[in-house]
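Please read this report with the structure open beside the text, and look up each element as it is named.

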Amino acid sequence: MGQITLKSVRKSFGEVDVIPSIDLAIDDGEFVVFVGPSGCGKSTLLRLIAGLEDTTSGTIEIDGKDATALPPAKRGLAMVFQSYALYPHMTVKKNIGFPLKMAGMDPAEAEKRIQRAASVLNLTNYLERKPGQLSGGQRQRVAIGRAIVREPAAFLFDEPLSNLDAALRVGMRQEISELHQSLKTTMIYVTHDQVEAMTMADKIVVLNAGRIEQVGSPLTLYHTPKNIFVAGFIGSPRMNLIEGPEAAKHNAHTIGIRPEHITVGDGPWEGVVGLSEHLGSDSFIKVDVPGLGIINVRGAGELNVHHGDRIKLAPAGKIHRFDANGMAMA
Amino acid sequence: MSTQSTRLAARFMVAPSVIVLFIWMIVPLAMTAYFSFRLYRLLSPDRSGWVGFNNYVWFFNSPDFWLALTNTLLLVGGVLIITVILGVLIALLLDQPVKGQGVLRILVIAPFFVMPPVAASIWENLFMHPQNGLFAAIARGFGAQPILFLESYPMPSVIAIVAWEWLPFATLILLTAMQSLSSEQLEAAEMDGASALSRFRYIILPHLTRAITVVILIQTIFLLGIFGEIYTTTQGGPGSASTTLPYMIFKQAIVAKDIGRAAAGGIIAVILANIVAYFLMRSIGKHLDA
């Protein structure tokens, strides 16, 4: 079980309200990703759930029981830290076994669990090493191993992949997803990387300045963002947000068009290509259109435009409309 | 990373300082060794000559020598135990966020800046003095007889004074080590269900081993030569009860005016220091490897 409910949770450090008030329900077995720009309160929110920070007001329920005042160890949650927080003087085996030892588990049973976790995470050959002798990805796995041996109600991940190089990050992302498939345990994952959010989540929670902007599945957020913030944050390259007369034509204060919903060739907008990135499969180009600003366009891989070219663009596909408050209009 | 020529150049560059340091060390040592085999009494300068191992034999036959040796090791061991244990505990307290942290830390470090004879005099006259001392006043307040610290317990008193002087050093080193412990490690241990005591035992203490090793090694070097505190308080007495090896050498050189015997004592002290260093490095030196 791993059902977590936040009810009007507020957190302030002195005068500053980091989290004004948050209500959120996380179902058992869900993979929830908290995503948002730095300083939006996502890590604080995770630490509140973990019990490493006290809530200023509001309640946190885990499996229907009020856990607001419980110490971290009593909440039945396990956390993987950004720095991994491995114990440098202990071997991998002792690191993974530490929570079991603290719980006073029978050594034989603990050994069995350690071996099982090690084989799941491909660490069997490294059990006698110290963390200092491991690579970044292996350390990451040890940190996860230390979390899974306890068989917690839910896993909390605090930007676990941000210290890894790009290739390893993709690999670990898949491993964590697979781990979730096999364990079926609730996972809460904090990241500022929207690609991680999109690829891993069952449910994304977009946070901004301590408030929840939108909660939903990755594709819901992508196709029907509730406001300009979500529209701009989810999706790479960014959605084009255009104000002024062009938006007024659609009876909106701002219109948003995804880069892939713009065609190159003939069209009403004419501009000069600034940057063009050719990835083979796709081409990302930035076009400076007078009156509209810089427009991101995602074209086919064989699109042959370069810096300085004059090209014409046409919107083709869904146009998102937002009112003066930045909220989406039907 | 270096080619043969740069390594050769490096050796040339380093050579002068190595040579100076070597002479700096070897000349006094050689002179001490030389005098330790000579008859050299300041009161009878006309008599001189080689005496073989006589000076050493005198030392080993002197009942004071074995007492002094024991006292030296007691002093070093006692002060190390007190400063390391109390140092860890005080560092733990100072690591907590409190108001006036800066002032508090300076106060804790302050005893280290008091020079040894002054510190010893303060303890002797203001704390341990049977008439004027604070401890005597406290004892009288409870209707008890004042304890004659320096007379009845000379060695423990000296150990207490020296420990008081060296506690700030230990605290300071251990505090900086404690501050370098990542808070995420402690939080991870907290999530793992470790109680405050277990966090200390399994996370903080192992993290401190290297700092504790440094404290022990540095303090041992200085504690083996403690002299001023004994000179100002007990003068090695009563009798020879608080005579240490350095103080015994001092007595031979300045009181008995026998330079030959003092030099032999000096060589014995050097050998003792090396034996201690050998065992220290063997038992705890491995903690210094990164």
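The paragraphs below go through strands and domains of one chain, a helix pair of the other, and the contact between the chains.

This is a predicted model, in which local features need pLDDT of at least 70 and side-chain atom pairs count only at pLDDT 80 or more, while totals for chains, interfaces and linings use all residues. Residues are numbered from 1 along each chain as its sequence is written, and chains are lettered from A and ligands numbered from 1 in the order in which they are written.

Helices (H or I, at least four residues) and strands (E, at least two) are DSSP runs, numbered from the N terminus, and two strands pair if DSSP finds at least two bridges between them. In chain A, 4 strands with antiparallel pairing form an open sheet in the order E2-E1-E4-E5. Its edges are strand E2 (16-26) and strand E5 (65-66) of chain A, each of which pairs on one side only. The table sets out two strand pairs of chain A.

| Strand pair | Sense and bridges | Partners |
|---|---|---|
| E1 (4-13) and E4 (57-62), chain A | antiparallel, 5 bridges | Thr5(A) and Glu61(A) |
| E11 (240-243) and E12 (254-257), chain A | antiparallel, 4 bridges | Glu243(A) and Thr254(A) |

In a regular strand the side chains alternate between the two faces of the sheet. Along E11(A), Asn240(A) and Ile242(A) point to one face and are buried, whereas Leu241(A) and Glu243(A) point to the other and are not; buried means that 20 or more other C-beta atoms, placed from the backbone, lie within 10 Å of the residue's own.

The domain assignment, which is automatic or from a database, divides chain A into domain 1 (4-229) and domain 2 (244-322), and the centres of these domains, taken over C-alpha atoms, are 38 Å apart.

In chain B, helix H2 (54-61) packs against helix H13 (259-284) at an angle of about 70°, with the axes 8 Å apart. H2(B) is therefore roughly perpendicular to H13(B), a term that covers angles of 65 to 115 degrees. Residues in contact, with C-beta atoms placed from the backbone within 7 Å, include Trp58(B) and Phe59(B) in H2(B), and Ala264(B) and Ile268(B) in H13(B).

Between the chains, 15 residues of chain A are in contact with 13 residues of chain B. On the side of chain A that touches chain B, strand E6 (77-80) and helix H2 (92-102) of chain A each supply at least two residues, and the largest share, 3 residues, comes from H2(A).

Conventions. Axes fitted to C-alpha atoms, helices over the stretch in contact; angles between N-to-C directions. Parallel < 35°, antiparallel > 145°, perpendicular 65-115°, else oblique. Contact = placed C-beta atoms within 7 Å. Buried ≥ 20, exposed ≤ 12 C-beta atoms within 10 Å, placed from the backbone.
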